[in-house]
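Visitor: I would like to go through the terms used for this model and hear the reasoning for each.
Guide: Here it is.

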Amino acid sequence: MANNNPRLFGGVEGGGTKFICAVGTEEGEILAETRIPTTSPDETLSQAIIFFKEQTGNLGALSAIGIASFGPLDPRPASVKFGHILPTTKPGWTDADIIGPFQEAFPVPIGFDTDVNGAALGEWRWGAAQGLDTFIYLTIGTGIGGGGLVNGELMHGLLHPEMGHIPLPQDKVRDPFESVCPFHGDCLEGLASGPAIEKRWGEKAENLSAGHPAWEMEASYIAMALRSFICTLSPERIVLGGGVMQQLHLLPLIRQKTQETLNGYVKSAQILEQIDDYIVPVALEGKAGILGAFVIAEKALIESKNS
Ligand code: ADP
Ligand code: ZN
């Protein structure tokens, strides 16, 4: 049934190069949106707040705000570092308090989580993971990050998962490439992110032809990672996004290699017979992050009423 007076949420998708801010309804309709270049925390956050002040003047008050930010960050509300960026190489952002300035400007519930969890929630509510309790969203872009739900809850824990940094077996004869991850010589992000493809082959990933050997190797690494995630979390579906996944020919290769590396061990029809519905592309393209920020806002609102 149509809701005549849907609640309004503020959403922030905080990225390393830009902050996308939007006001939208609880039904996921974006009513106003802006992009703010990521400069210093002070400048970036105050511009975001100016946008929300202006928009709420026009559109009405926000019921809650959701922030989906680049990390590393602390998403645990009980922690003293909640809402802050943890130590980062990004100049000026170590320890930056993201949630504080918003809380001062808007006395409403504010939720805070990672950008990947934001995108995962967007896909869950309106996209490729609708109706699922346990799924993974993996973005393969400048970095590789994973989020999603397990039994209906976001994966937090100690901090949040770092699915891009799991180790992978690397055949150094076939692929002598040195990882681009400054921390690990053998991790998924180090071997299969967009920058890893570019450095290994001397060409941006978007410029490599569909027949280039890069893609066979890329699909093998991603499939090995998916095997680990499938064996660890038993997701009901895996949603793949990020710039590298714009190579649509990669998806069938990844499906095939995931089946091969699992080798029939996980006895599920989804994997054995319906892999096309099991490993799927994003449905919301570039909108998952900002829409997911609305879901984070809604969760904060619900939690504030329960507490
Ligand atoms: P970010 O991860 O920075 O948010 P993206 O998800 O767009 O942004 O990822 C950027 C990476 O994806 C870059 O390494 C780029 O080379 C790669 N990339 C972007 N578009 C494509 C494409 N069409 N095909 C393959 N790789 C791409
Ligand atoms: Zn790593």
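Visitor: Why is N263 called exposed?
Guide: In this predicted model, N263 has a relative accessibility of 66%. Exposed means over 50%, so N263 counts as exposed. N263 sits in the loop between α7 (250-262) and α8 (269-272).

Visitor: What makes the phi of N263 worth a remark?
Guide: Phi of N263 is near 55°, a positive value, and the residue is not a glycine. Most residues other than glycine have a negative phi.

Visitor: Which term fits D95: buried, partly exposed or exposed?
Guide: The relative accessible area of D95 is 39%. Buried requires under 20% and exposed over 50%, so D95 is partly exposed. D95 also has a positive phi, about 70°, without being a glycine. Its place is the loop between β4 and α2.

Visitor: How do you know that the peptide bond between G71 and P72 is cis?
Guide: By omega, which is about 5° for the bond joining G71 and P72. Most peptide bonds are trans. P72 lies in the loop between β4 (64-69) and α2 (99-105).

Visitor: Why is N117 called buried?
Guide: N117 has 2% relative accessibility. The limit for buried is under 20%, so N117 counts as buried. N117 belongs to helix α3 (residues 115-126). Leaving aside neighbours within four places in sequence, N117 is in contact with G147, G148, L154, M155 and H156.

Visitor: What makes the pair N117 and D113 a polar contact?
Guide: The side chains of N117 and D113 are joined at 2.9 Å. A polar contact needs N or O atoms within 3.5 Å, one able to donate a hydrogen and the other to accept it, and the pair N117 and D113 is listed as such a contact.

Visitor: Which polar atoms of T142, E206 and G243 lie by an oxygen atom of ligand 1?
Guide: For T142 it is a polar side-chain atom, 2.5 Å from an oxygen atom of ligand 1. For E206 it is also a polar side-chain atom, at 2.6 Å. For G243 it is a backbone N or O atom, at 2.8 Å. The protein covers 65% of the 570 Å² of accessible area that ligand 1 has on its own.

Visitor: How do the residues of the shell around ligand 1 divide?
Guide: Into 3 nonpolar, 7 polar and 1 charged. Glycine is counted as polar, and the residues surrounding ligand 1 include G141, G194, G242 and G243.

Methods. Residues numbered from 1 in each chain as written. Chains lettered and ligands numbered in written order. Predicted model: local features only at pLDDT ≥ 70, side-chain atom pairs only at ≥ 80, totals over all residues. Heavy atoms only, no water. Near = heavy atom within 4 Å. Areas by Shrake-Rupley, 256 points an atom, 1.4 Å probe, with all protein chains shown as cover. Helix = DSSP H or I, 4+ residues; strand = E, 2+ residues; numbered from the N terminus. Buried < 20%, exposed > 50% of the residue type's maximum accessible area, 1.4 Å probe, protein only. Contact = heavy atoms within 4.5 Å.
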